[in-house]
Structures are given as C-alpha cells and as structure tokens.
Amino acid sequence: MKNDRLTRTEAGEKFQQILENQLARVEDLKNAPGWIDYGQLSPLKIGIIGGDGIGPIIGREARRVLEEILTDEVKSGRVEFRDIEGLTIENRAAAGEAIPEEILEEIKECPVILKGPTATPRKGDPWPNIESANVAMRKALDLFANVRPVRVPELGIEWTFFRENTEGAYVLGSEGFTVGEDLAIDFKVITRPGAERIIRLAFEFARKNGIGRVTAVTKANVIKTTDGLFLDTFSEIAGEYPEIDADDWYIDIMTAKLLDPQRRTGFKVFVLPNLYGDILTDEAAQLQGGVGTAGSANIGRRYAMFEAIHGSAPRMIEEGRGKYADPFSMIRAAAMLLGHIGYGEKAKKLELALDVCGSREKKLTVTGRPGGATTAEIADYLVETMADPDLEEKWETPAKG
Ligand code: IPM
Ligand code: MG
C-alpha cells in the first residue's frame, strides 16, 4: 500500500475509510473494558517472545532470571511461563503481516508478555516494508501507555515518561499514501478518550507516589488541532489534581532542557504524544547510559508487554557474537513486569541486583565480544547477587557517581 500511487478519487475514498475506522476506534475507546485483576488469574501466564537477532538469546536468560525469582509461584501453579516462538522477521515477511495471525492468538493467551527486540523493516531492506511488530502489538493489545523510567541518581534525575502509545503519528504510520507523482500524505490522530486515559494515568502515578509535578510536552503552537486537543485535555484533567503542579512545554525546547543541569532535576513526570515520547525517551535514556540500559513497559487495561528498547543487533549474530549480547535492558523490563503484576518487593530486589552488577560492583563487563562476559554469565551473576542474603544491607546506600 505504502508505495501505491493513488488518484485523487482513490485518495478521497481512502481518506473516507480512514475516517470511518478512526471514528469506530473512538467508540471502542469509550466502551473500553475495565482493568484486569492479576490476583484473579490462575495461572497467570507470562509469555516470553524472543524476537529477532540477539532477542532469543537475551530472552532465554531473562526468562531464567524470572523463573528463579518466581520459583515458588511456578511450583504452586500460580504463575506459568510460555515461550512464544516464531515472531521473527522471516515469518512475518512470509506472512506479509506485522504479527502473523496464529502468533497473535498465542500472544493473546498471555496477559503479560516479555518481549525481545523485533526487526523493523524500512524501505530498501530485503524484507517487505511491513509495519513494525512493536507498533502492531501495541495497537492489537491496546497498550496505550508506554511507561519509561529514567534515573541518574548522581545527577538528581528521576523521571517517568508516560508516552501515549497507540495514537499520534504512529496509528496511521503505515497508512499514508502518495497521490500522483508528487504528493505524499501521512496522518496524525489524537482522540479525546485516547488523550484522557494516558494523561489520567500520569496524574494518578504522580498522586500515588507523592510527586508534585506533571509536565505535558507537545508542539501545540504549530500542530494546532491534534496537539491542541492533547493540551486542552491535559489542562482539564489537571484541574482534578489541585495538589499537583501542571505545566506544559514544547518538544523542541524540552529536548534542550533535558540537557540543562539547572532545570532538568525539577521535572518528574512527563506525559506526551507518541512520537515526541519516542524521541525524548531516547534522549533521556542516553543520560542514563544509553538505550540499552532502559526498560519499557507497554500497559493496557487487559494486557501488558515489557520490552528491551534497543534493536535486534543483526550484526552481532552475523559475526557470531550473539552469546555476548547484553541482557540488561530486557532484564530491566522483566523487573518492571514483576512490579506491574504485584511483586513489588521482588522487582526492587532485581532492580538492586541490576544496579550492583551493572555499575556499582561490576565484576563482569559486557563488551559484546569475546573477552567480555557472555549473556549467560551475566544472568548467573545476577542470580548469585540476588541470592546474597546481605544484598540490601550491603548496597542500600545511595549510588556514588
Ligand atoms: C521504541 C522504538 C519503536 C518505536 C520502533 C522500534 C518502532 O523506537 O520502542 O521506542 O518507534 O516506538
Ligand atoms: Mg524509540
């Protein structure tokens, strides 16, 4: 579809179709189901998706770490792990679908998913230019909130980003079209219920954690209609949280403020449309040590998916270096998963072990090459560190720079 050249009439019809679909989506949003209660599920199924490239390697180790932490729960049948195989670029290309139907069915059996990186095709790749599996999964499971924490204690940075995950520039990202030779059109969509639910989640998070500030980021001075709706919705909802300061910034100056040591520590919780969230969270993660150090939670009312936010590193596989892949980002995502399904203490312990092994003690170094630690060795190190009965006592003091 992407490279088809439409006539004026065809383009009009196509737009009409898009409009109908989006209006139907608004109705669905208004009738959205309630939040899932993990406590009611037995067993609670956790799906592990390896994905492409180094994904299956880091996925296997992340699963092992999780299984170790949830040994009792697995034994008692409260939690069950499922490997979901086959979400590979080869299969997706062969099916011509971002997520082949039978794999989506399998995924839907698991309310909680831990996902490795999946290759995102682009024009010129050997693959058909199908939609990204991440984007498709976020849409298919209605994972509307992309929650990305970034912490750099020594710089006083403690941010939580609430990136809208199902609308904005992404929702029709694979449905733009070319009219004749010279006109290319893409769309950006914001809906009132879509904006409301992400903004409310950000304010609820701030309230629950005693955080006194929520910041919206848009470009409403230029993208007036969609970002305008997002910002108006933000102001309305802010009124329901009088104890929280609500301010708004434009995306361009915000990218600068994240680099301003005087100002950046004042920000705490951000809420922003999809593409701005995509960009700003990479910048933020870089301050923490790079995108490989960050985990990402994709939260919806019925499903939640946790993922590494780096790519599938095909070059590492081509060069036979897969077994040296760094599993930290995926295991960080696993820690977020634990917290989300109600194992807050276990999540904290894993986070601490990740900090100890990744930067504070750092007995092993990941280089991605022979000579560096292997993925399995890193996982062993994490498991051993967590088993240390004095872990908390030894490391509870704040991290040094
Ligand atoms: C992310 C990634 C994805 C996105 C890509 C892989 C489609 O950059 O999770 O931030 O743009 O959302
Ligand atoms: Mg991104």
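This is a conversation about reading strands, burial, salt bridges and surface patches in a predicted model.

Biologist: I'm new to this one. Let's begin with sheets. What holds strands together?

Modeller: Strands of a sheet pair through backbone hydrogen bonds, and the pairing can be parallel or antiparallel. Here, one open sheet has three strands in the order β1-β7-β8, with mixed pairing.

Biologist: Which strands stand at the edges of that sheet?

Modeller: β1 (5-6) and β8 (183-185) do. Each has a single partner strand, so one side of each is left without a neighbour in the sheet.

Biologist: And how do β7 and β8 pair?

Modeller: In the antiparallel sense, over three bridges, with β7 covering residues 177-179. If you want a spot to look at, find V179, which stands opposite L183 in β8.

Biologist: Okay, next topic: burial. How do I tell whether a strand is enclosed?

Modeller: Go through its residues and check the relative accessible area of each; under 20% counts as buried. Try strand β13, residues 304-308: five of the five residues are buried, so the strand is largely enclosed by the rest of the structure.

Biologist: Which residues of β13 lie on which side?

Modeller: A304, F306 and A308 are on one side, while M305 and E307 are on the other. They are all buried, so both faces are covered.

Biologist: What are the partners of β13 in the sheet?

Modeller: Strand β4 (residues 112-115) pairs with β13 in the parallel sense over four bridges. There, L114 stands opposite F306. Strand β12 (residues 295-299) pairs with β13 too, but in the antiparallel sense and over five bridges. In that pairing, M305 is the bridge partner of N298.

Biologist: How does the chain get from β12 to β13?

Modeller: Through a hairpin: four residues join the two strands.

Biologist: Let's try a charged residue. Is R92 buried or exposed?

Modeller: R92 is buried, because its relative accessibility is 0%. You'll find R92 in helix α4, residues 89-95. Its C-alpha atom is 9.2 Å from that of W127, although the two are 35 residues apart along the chain.

Biologist: Now salt bridges. What should I look for?

Modeller: Look for a side-chain nitrogen of Lys or Arg within 4 Å of a carboxyl oxygen of Asp or Glu. By this rule the model has 29 salt bridges. One of them joins E109 and R82, at 3.2 Å from N to O. E109 lies in the loop between α5 and β4 and R82 in strand β3 (residues 79-84), so this pair ties together parts that are 27 residues apart in sequence.

Biologist: How accessible are E109 and R82?

Modeller: E109 is partly exposed at 42% relative accessibility, and R82 is partly exposed too, at 27%.

Biologist: Can you show me a pair that links distant parts of the chain?

Modeller: Sure. R163 forms a salt bridge with D278, with the closest N and O atoms 3.6 Å apart. R163 is in strand β6 (residues 157-164) and D278 in helix α11 (residues 274-288), 115 residues apart. R163 is buried at 1% relative accessibility, whereas D278 is partly exposed at 25%.

Biologist: And where do E243 and R207 meet?

Modeller: Their side chains meet in a salt bridge of 2.7 Å, N to O. E243 lies in the loop between α8 (226-238) and β10 (245-250) and R207 in helix α7 (residues 192-208), so the bridge ties together parts 36 residues apart in sequence. E243 is partly exposed at 43%, and so is R207 at 38%.

Biologist: Which residues are linked in a network of salt bridges?

Modeller: E61, R64 and D380 are linked that way.

Biologist: Last topic, the surface. What makes a patch?

Modeller: For patches, take residues with over 30% relative accessible area and no salt bridge, then join like charges or nonpolar side chains. Here a negative patch is formed by E85, E97, E101, E102, E105 and E106. E106 sits in helix α5 (residues 101-108) and is partly exposed at 36% relative accessibility.

Biologist: Which residues form a nonpolar patch?

Modeller: F15, L19 and L23 do, with about 260 Å² of accessible area together. To find it, start from L23 in helix α1, residues 8-30.

Notes: Residues are numbered from 1 along each chain as its sequence is written. Chains are lettered from A and ligands numbered from 1 in the order in which they are written. This is a predicted model: local features need pLDDT of at least 70, side-chain atom pairs count only at pLDDT 80 or more; totals for chains, interfaces and linings use all residues. Side-chain values use heavy atoms; hydrogens and water are left out. Patches are made of residues with over 30% relative accessible area and no salt bridge: like charges are joined within 9 Å, nonpolar side chains (Val, Leu, Ile, Met, Phe, Trp, Tyr) within 5 Å. Accessible areas come from the Shrake-Rupley method with a 1.4 Å probe; for residues, only the protein chains shown count as cover. Lys and Arg count as positive and Asp and Glu as negative; His and the chain ends are not counted. The place of a charge is taken as NZ of Lys, CZ of Arg, CG of Asp or CD of Glu. Buried means under 20% relative accessible area, exposed over 50%, partly exposed in between (1.4 Å probe, protein chains only). Two strands pair if DSSP finds at least two bridges between them.
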